[in-house]
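Please work through the exercises below with the sequence and the model open beside you. Each task is followed by a solution that goes step by step.

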Amino acid sequence: MSDRQMDGDKPSEHDEDVTLLRVPVSLDYDYSAGVSASRFLRGIEQGKLLGQRCPVDGRVYFPSRGSCPQHAVTFGDETVDLSDKGTIVTFSIVRVPSANIPLELPYIAVNVVLDGADTILMHVLDANPEDVHMGMRVQAVWKPREEWTTSTANILYFRAIDEPDADYDQYKEHI
Amino acid sequence: MAELTAVVGIGQTKYEAKRLDLSMPGLVRDAAEKALVDADCSWADIDAVILGKAPDLFEGVMMPELFLNEALGGAYKPMLRVHTAGSVGGSTAIVAASMVQSGVHDRVLCVAFEKQSESNAIWALTISAPFSLATVAGAGGYFAPLVRGYIRRSGAPEDTGIRVAVKDRENALRNPLAHLRLEDISFDLVANSPMLWDPIRYLETCPSSDGACALVLENESLASKRSNKLAWIHATEMRSEPTMFSGRDQVMPQATLDNAKNLYKKAGITKPREEIDCAEIYVPFSWFEPMWMEGMLITEPNQGWKMTYEGATALDGDFPVNMSGGVLSSNPIGASGLIRFAEAARQVRGIAGEHQVDGARKALGHAYGGGSQYFSTWIVDSAKP
């Protein structure tokens with residue numbers, strides 16, 4: 001400021017620093033799912049939950065991306081039909097909004113292991129937050145059939161079913 | 001035989017929610033200039049520049065290293081950008097160190113930053129793969145179920161996380177650079193703060209900060225000419241593992257255990273809790289203090305919470321952790337790992353001010369990132385190995 005005054009430059013409102021500017025950027029991407037994910041997505045489009053077995057340790061991956069992240073081997077063409085029932089291995093009750101999650105707060109984010117699968121699926125549970133617990137048995141509630149697309153969002157949410165809780169030792173390795 | 005390497009310069013900005021007074025280049029320049037002053041050298045003395053930050057999607061600036069390099073005196077010099085998610089600050093220091101240790105360069109500047117006020121980390125971390133349902137709101141949404149898993153398996157009292165938060169926030173009151181300095185911090189204040197991602201409360205969560213951190217690293221022949229106290233790098237280690245695979249122990253990943261074992265082996269440490277004087281650990285949510293006390297093999301499995309409970313990790317405890325106030329008090333994400341490494345170096349140099357651990361000679365700096373899948377650590381010491 002003092003330098004400018006010495007130069008005879010009158011300070012004005014335009015001398016304020018520009019400290020923040022909003023610059024929105026947006027872009028739509030194309031995405032190639034590939035052979036394996038396409039098979040999975042075509043399955044879920046028909047209401048089928050298709051897993052795949054790792055040839056090294058025999059564990060069933062759902063969703064499958066066609067290869068084992070641990071052993072770096074491909075799964076081949078064989079699929080395993082899975083139940084839409086499963087067990088909650090752990091969860092969180094979320095009270096933080098995110099612009100890209102269209103759910104009312106609070107919602108219950110759950111890590112579910114479907115019966116017959118050996119990996120977790122991240123989804124949501126429709127329940128009273130006080131009732132949710134580890135080991136809870138749940139089943140998928142699907143969107144109306146005419147709304148099914150190639151997305152795991154065909155499952156609206158999971159809901160508790162009238163079965164005894166799973167034993168901690170049965171699911172603890174999935175936490 | 002690798003070249004022995006020392007931290008000879010450390011620079012940090014003041015961490016704040018919004019550094020409207022500084023642009024991104026201004027932010028990194030501020031930290032770098034302070035590191036150069038501390039190292040008593042000029043821009044011309046730097047052989048190479050290493051820059052680290054979290055994903056470009058945060059600030060929406062593509063390849064920020066391109067336009068930031070000029071603010072860091074990088075013209076015509078070798079320049080690299082590092083990225084390993086939240087652990088990137090630590091990895092940045094390790095990449096810089098390896099350039100000196102390998103004998104490729106004599107003196108390297110490394111800088112890491114984040115300007116969270118110009119970004120939306122929760123949004124950027126909630127992008128899910130195409131065709132899948134987004135359910136995880138930010139990092140807290142990912143880690144809360146793992147914290148629940150830790151509580152279940154360890155039987156830790158549910159207020160362990162509150163105690164960590166109080167301790168780190170009290171330490172932050174001793175650190176003039178810390179972003180969050182809550183004068184009225186108390187157990188009740190944390191306990192009564194809102195649950196964000198149950199079981200993680202608001203005050204058990206890191207803030208969003210603007211800031212940058214910088215280090216100058218030198219080889220032995222240059223550093224040995226100096227008369228001041230230095231931080232000699234005794235060992236570095238980096239490990240990773242996939243985000244998801246069947247049977248993955250997400251609470252105590254194999255990568256952290258492997259990282260710890262190899263770090264101590266390289267550093268010649270056999271009893272880490274006794275031999276290390278203090279540690280600055282990446283704890284973005286309070287429960288990760290006991291989890292990483294176990295993950296860094298400082299204590300036995302499922303016993304980490306006892307260290308918090310017994311006051312071992314307090315500033316005057318037998319194993320002080322997060323003397324600076326930690327990530328819970330300042331979190332410019334890309335820089336957060338480097339700040340941990342820098343604090344370890346400050347401690348062994350005896351220049352940590354009000355949060356100095358008396359007589360600290362050997363310190364651990366630690367960072368992790370992604371879905372608990374990237375780990376970067378180092379051991380620094382006031383003496384050569």
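**Exercise 1. The two chains**

How many residues of chain A are in contact with how many residues of chain B?

Solution. This is a predicted model, in which local features need pLDDT of at least 70 and side-chain atom pairs count only at pLDDT 80 or more, while totals for chains, interfaces and linings use all residues. Residues are numbered from 1 along each chain as its sequence is written, and chains are lettered from A and ligands numbered from 1 in the order in which they are written.

Step 1: taking two residues to be in contact if their C-beta atoms, placed from the backbone, lie within 7 Å, 35 residues of chain A touch 34 residues of chain B.

Step 2: on the side of chain A that touches chain B, at least two residues each are supplied by β4 (85-94), β5 (107-114) and β6 (121-125) of chain A, and the largest share, 5 residues, belongs to β4(A). Helices (H or I, at least four residues) and strands (E, at least two) are DSSP runs, numbered from the N terminus.

Step 3: sorted by class, this side of chain A holds 19 nonpolar, 12 polar and 4 charged residues, where Ala, Val, Leu, Ile, Met, Phe, Trp, Tyr, Cys and Pro count as nonpolar, Asp, Glu, Lys and Arg as charged, and the others, Gly among them, as polar.

Step 4: β4(A) is joined by 2 bridges to strand β5 (residues 195-198) of chain B, and the two run antiparallel; strands pair if DSSP finds at least two bridges between them. Opposite A:Ile93 stands B:Asp198 in β5(B).

**Exercise 2. The domains of chain A**

Find which element gives the most to the side of domain 1 of chain A that touches domain 2 of chain A.

Solution. Step 1: the assignment for chain A, automatic or from a database, gives domain 1 (33-82) and domain 2 (84-170), with C-alpha centres 20 Å apart.

Step 2: 14 residues of domain 1 of chain A are in contact with 14 residues of domain 2 of chain A, and α2(A) gives the most to the domain 1 side, with 4 residues. That side divides into 9 nonpolar, 2 polar and 3 charged residues.

Step 3: in chain A, an open sheet of 3 strands has the order β2-β1-β3, with antiparallel pairing. Its edge strands are β2 and β3 of chain A, each of which pairs on one side only. Between β1(A) and β3(A) there are 3 bridges, and A:Leu49 has A:Leu82 in β3(A) as its bridge partner.

**Exercise 3. One tyrosine**

Decide whether A:Tyr171 is buried or exposed.

Solution. Step 1: A:Tyr171 lies in helix α3 (residues 168-171) of chain A.

Step 2: a residue is buried if 20 or more other C-beta atoms, placed from the backbone, lie within 10 Å of its own, exposed if 12 or fewer, and partly exposed in between. A:Tyr171 has 21 C-beta neighbours inside 10 Å and therefore counts as buried.

Step 3: leaving aside neighbours within four places in sequence, the contacts of A:Tyr171 are A:Thr87, A:Val89, A:Val113, A:Gly135 and A:Ala166. A:Gly135 is 36 residues away along the chain, yet its C-alpha atom is separated from that of A:Tyr171 by 7.6 Å.
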